[in-house]
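Student: I have a new model open on my screen and would like to learn my way around it. Could we go through it together, one question at a time?

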Amino acid sequence: MAMAAATSLAPVGAQTLPEWQALAAREQPALLKTLQQLVEIESGSADREGLDRIAAVVAQRLRELGGQVELLEPGAEVYRMFDTPEKIGPMVKARFQGRGGRRVMLIAHMDTVYPRGMLAQQPFRIEGTRAYGLGIADDKQGVAMILHLLALLKAVDFRDYGEITVLINGDEEISSPASRHTITALGAEHDAVLSFEGGGGPAGPDTLRLATSGIAAANLTVKGRASHAGAAPEKGVNALYELSHQVLQARDLSDPKVGKQLHWTVSKSGTVRNVIPALAEASADVRVDRVSDFEGIEAELRKRIQNKLLPESEVSLNFERRRPPLQASDAARALATQAQALAAQQKLDLQVRDVPTGGGTDAAFAALATQAPVIEGLGVRGYGAHSNNAEYVQVDAIAPKLVLATRLVMAIGSGQALPAAAKP
C-alpha cells in the first residue's frame with residue numbers, strides 16, 4: 001500500500017543531503033567488506049560454534065563504535081519447539097548513550113538456514129551490481145547496515161538521541177525461541193523499533209513493512225495399535241485411518257478474508273507395508289493476521305480431535321506459536337510517512353505495505369508490549385533468501401538505503417520524526 005509522503009520534514013542533521021550521499025558512497029566499500037567477513041563465517045541456527053564466532057565479530061565491531069556490549073546467553077525462558085536445537089546461539093546487545101531524549105532500537109539476525117560446509121562451494125562474490133553469499137540477504141546485510149549506520153553517526157558526531165540499542169540475535173530462522181522474550185522486553189523500552197530485514201526485491205522499489213503474518217504449527221499425533229495387516233488386521237487400530245479422518249475434518253479452518261490460513265503440509269505413518277500402523281503424524285502451517293486468531297484456531301482443533309473415527313485411538317495436538325503477527329498501528333503509519341518524506345528528498349522510491357503477505361518477522365515480538373512504532377524492511381534490497389545458489393543483494397541499493405536509514409534514526413532520536421502519539 002502506497003502512502004502519501006509528508007513534505008514538511010526539515011533537513012536532518014548539520015549535513016546536506018549531497019553530503020550524506022557522499023558519506024554513504026564512501027562507506028559502501030567498507031560495508032561490502034563487512035558483508036564478506038560476515039558471509040564467510042558459517043552461522044546456521046544450529047551451529048553454535050559458528051554463531052559464537054560471528055557474535056564475537058559483531059560484538060567487537062560494536063565496541064569499536066563506542067557501544068556498551070553484552071553477549072546474552074539463552075535463559076530459562078526458552079520457548080522450545082520441535083526444531084529448537086539443544087544449543088541455541090547467543091544474542092549481541094549494545095547500547096549507545098546520547099544526549100537527546102528519544103530511544104531507538106535496531107534489530108537484525110546473524111543466523112542462517114544453511115548447514116556447515118556450503119560456503120566452500122558458494123563463496124562470497126561480487127558480479128556486476130550483485131553481491132552473492134549464503135545468508136547475505138537474510139540477514140547479514142541487516143547486520144552490516146546497522147554497523148555502518150552507526151559508523152556514519154560516529155563520523156558526523158551525531159548524538160542527539162537518548163539511546164540507541166542494537167540487538168542481533170542468533171535464532172531468528174528457528175522462530176527465535178531464546179530471543180523472543182528479550183526482543184519484547186526491549187521493544188517496550190524504546191520510542192521506536194527499526195528492523196533490518198531485506199527492503200524489497202532486486203528491481204525495486206524499496207519497501208517498508210508495517211504488518212506481517214503470525215506463524216504457528218499444528219502437530220497432530222495419533223497412536224493406534226499394530227498388528228499383521230494380512231493375518232489379523234482386525235486386531236489393530238489403524239493410526240493412518242484416524243489421522244486421515246482428523247486431517248479431513250480440520251481442512252476448513254482457513255478464512256482468507258481475515259488472513260487466517262491453516263494448511264496440512266506434512267504427514268507420515270507406519271513402518272512397513274504389511275503392518276497396521278501404530279503411529280501417524282501430521283503437521284499444518286498456520287498463518288494469521290491477528291493475535292487472537294491463534295487462540296481461536298487452537299481451541300477449534302482441540303474440540304475437533306475429540307471426534308474420532310476409531311474410539312481406541314489416541315489423538316493429541318501440539319500447537320506451537322512460532323511468531324506473532326505484526327499489526328500495523330497508527331504510530332507506525334505516521335513514522336513510515338516521515339520515512340517516505342526523507343526518501344522523497346533523495347528521490348528514492350519507497351513503498352509502504354501495511355497488509356501482511358504471509359511472511360513473519362522478529363519485529364512482531366518487539367511490538368507485542370508497546371504502542372510505539374515498529375517498522376520492518378530497513379535493510380537492502382535483494383533476492384534468493386533460503387535458496388541454494390542465488391542469494392544476493394543489490395550493490396547499487398546499499399548507499400541510498402544507508403542514507404535513508406541513518407537519517408531516519410537521526411530524525412527519530414532527535415524527536416523530529418517521532419509521531420506525537422508515540423511520545424510520552
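Student: Let's begin with the open spaces. What volume does the largest pocket have?
Tutor: Happy to help, and please keep in mind that this is a predicted model. Rolling a probe the size of a water molecule over the atoms shows where empty space is left. For the largest pocket, the volume comes to about 1,100 Å³.

Student: Which residues lie nearest the centre of the largest pocket?
Tutor: The lining of this pocket is made up of 43 residues. Elements that give two or more residues to it are α3 (136-155), β8 (206-209), β9 (214-223), β11 (279-288), β12 (314-323) and β15 (382-383). Nearest the centre of the largest pocket lie Asp138, Glu173, Gly359, Gly360 and His386.

Student: How many residues in the lining of the largest pocket are charged?
Tutor: Let's split the lining by class. It has 11 nonpolar and 19 polar residues. The charged residues of that lining number 13.

Student: And how many charged residues does the lining of the second largest pocket have?
Tutor: The second largest pocket has a volume of about 220 Å³. It is lined by 15 residues, and Gln327, Ser329, Ala367, Leu368 and Thr370 are the closest to its centre. By class, 11 of the lining residues are nonpolar and four are polar. The number of charged residues there is none: no charged residues.

Student: I noticed His386 in the list for the largest pocket. Is His386 buried, partly exposed or exposed?
Tutor: His386 sits in the loop between β15 and β16 (392-394). Its phi is positive, about 70 degrees, although His386 is not a glycine. Buried would need under 20% relative accessible area and exposed over 50%. With 46% relative accessibility, His386 therefore counts as partly exposed.

Student: Asp138 was in that list too. What is the omega of the peptide bond from Asp138 to Asp139?
Tutor: Asp139 belongs to helix α3. The bond that leads from Asp138 to Asp139 is cis. Its omega is near 10 degrees.

Student: Where is Pro205, the residue that follows Gly204 across a cis peptide bond?
Tutor: The bond from Gly204 to Pro205 is cis, with omega near 0 degrees. To find Pro205 on your screen, look at the loop between β7 and β8.

Student: Now to the strands. Which residue of β6 stands opposite Met105?
Tutor: Strands of a sheet pair through backbone hydrogen bonds, either parallel or antiparallel. Strand β3 (residues 103-109) has six of its seven residues buried. Its pairing with strand β6 (residues 163-169) is parallel and spans seven bridges. Opposite Met105 in β6 stands Thr165.

Student: Which residue of β7 stands opposite Val104?
Tutor: Here we turn to the pairing of β3 with strand β7 (residues 192-195). These two run parallel and are joined by four bridges. The residue opposite Val104 in β7 is Ala192.

Student: Which strands stand at the edges of the open sheet of four strands?
Tutor: The order in this sheet is β10-β11-β9-β12, with antiparallel pairing. Two of these strands each have a single partner, so one side of each is left without a neighbour in the sheet. The edge strands are β10 (261-269) and β12.

Student: What is the bridge partner of Asn219 in β11?
Tutor: β9 and β11 run antiparallel and are joined by 10 bridges. On average, neighbouring strands of this sheet are turned by 15 degrees against each other, direction ignored. In β11, the partner of Asn219 is Ser283.

Student: Which helix lies across β9, β10, β11 and β12?
Tutor: Look for a helix formed by residues 239-249. It runs at about 15 degrees to β11. This is helix α5.

Student: One last stop. How far apart in space are Arg407 and Leu17, C-alpha to C-alpha?
Tutor: Arg407 is in helix α9 (residues 398-413). At 3% relative accessibility, Arg407 counts as buried, because buried means under 20%. In sequence, Arg407 and Leu17 are 390 residues apart. In space, their C-alpha to C-alpha distance is 9.5 Å.

Key: Residues numbered from 1 in each chain as written. Predicted model: local features only at pLDDT ≥ 70, side-chain atom pairs only at ≥ 80, totals over all residues. Heavy atoms only, no water. 1 Å grid on protein atoms, 1.4 Å probe; cavity = no way out; pocket = protein on both sides within 12 Å on 5 of 7 lines; lining within 4 Å. Points joined across faces, edges and corners; volume = space filled by probe spheres on them. Nonpolar A, V, L, I, M, F, W, Y, C, P; charged D, E, K, R; others polar. Buried < 20%, exposed > 50% of the residue type's maximum accessible area, 1.4 Å probe, protein only. Pairing = 2+ DSSP bridges. Axes fitted to C-alpha atoms, helices over the stretch in contact; angles between N-to-C directions. Contact = heavy atoms within 4.5 Å.
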